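Thank you all for coming. Please take a moment to look at the model on the screen before I begin to talk through how its parts are put together.

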Amino acid sequence: STLKVGLFYENGTVVEEDSMKAAEYYSRSANLSYAGAQHNLAIFYSKGRGVEKDEEKAYQLYSRAAAMGHSGSQNNLGRIATLNLSRSTLNFPPPPN
């Protein structure tokens, strides 16, 4: 799956480590509604790893994955709230439907 290929590129397993390629494969998989890929891509956006840093995009991806039951994304959304980085503070758009 494209999620596994993204993991290979992220970790340098089987192929040479390449954050940009990992983000590309995570994006493909995220567009197919894979919560794990949405979560991983959200981390990349939150850190600016392989993509331009975009906290709003990270929040949207965490929200989508959390809505599908991804516990890591649910946890990260809780951390955002705890750190007082709420949607209103950072002017995040509403979560996707």
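Which residues in α2 meet which residues in α3? Before I answer, let me say that this is a predicted model, and that everything I describe should be heard with that in mind.

The chain has 6 helices and 0 strands, so to speak a run of α-α-α-α-α-α when you read the elements from the N terminus on. Of its 97 residues, 33% count as buried.

Now to the question. On the side of α2, the residues are Ser19, Ala22, Ala23, Tyr26, Ser27, Ser29 and Ala30, and in α3 they meet Ala37, Gln38, Asn40, Leu41 and Phe44. Sorted by class, this contact has 7 nonpolar and 5 polar residues, with no charged residues.

It helps to recall that two packed helices are described by the angle between their axes and the distance between the axes. For helix α2, which covers residues 19–30, and α3, the angle is about 140° and the axes are 8 Å apart. An angle has to be over 145° to count as roughly antiparallel, and α2 and α3 are therefore oblique to each other. Their crossing is left-handed.

Let us move along the chain to the next pair. Helix α3, residues 35–47, packs with helix α4, residues 55–67, at an angle of about 160°, and here the axes are 8 Å apart, which makes α3 roughly antiparallel to α4. The crossing of α3 and α4 is left-handed. From α3, the contact takes in Ala35, Gln38, His39, Leu41, Ala42, Ile43, Tyr45 and Ser46, while α4 brings Lys57, Ala58, Leu61, Tyr62, Arg64 and Ala65. By class, we find 9 nonpolar, 3 polar and 2 charged residues in this contact of α3 with α4.

Finally, let us go back to the beginning of the chain. Which residues of helix α1, residues 2–11, are buried? They are Gly6, Tyr9 and Glu10, and, seen down the axis of α1, these buried residues fall within an arc of 100°, so they line one face of the helix. As a general reminder, an α-helix has 3.6 residues a turn, so residues three or four places apart point the same way. The buried residues of α1 pack against α2 and α3. After α1 comes glycine 12, whose phi is positive, near 70°.

Conventions. Residues are numbered from 1 along each chain as its sequence is written. This is a predicted model: local features need pLDDT of at least 70, side-chain atom pairs count only at pLDDT 80 or more; totals for chains, interfaces and linings use all residues. Side-chain values use heavy atoms; hydrogens and water are left out. Axes are lines fitted to C-alpha atoms, for helices over the stretch in contact, and angles run from 0 to 180 degrees between N-to-C directions. Helices (H or I, at least four residues) and strands (E, at least two) are DSSP runs, numbered from the N terminus. Angles under 35 degrees count as roughly parallel, over 145 as roughly antiparallel, 65 to 115 as roughly perpendicular and the rest as oblique. A crossing is left-handed if the near helix is turned anticlockwise from the far one by less than a right angle, and right-handed if clockwise. Contact means heavy atoms within 4.5 Å. Ala, Val, Leu, Ile, Met, Phe, Trp, Tyr, Cys and Pro count as nonpolar, Asp, Glu, Lys and Arg as charged, and the others, Gly among them, as polar. Buried means under 20% relative accessible area, exposed over 50%, partly exposed in between (1.4 Å probe, protein chains only). The arc is that of the directions from the helix axis to the C-beta atoms.
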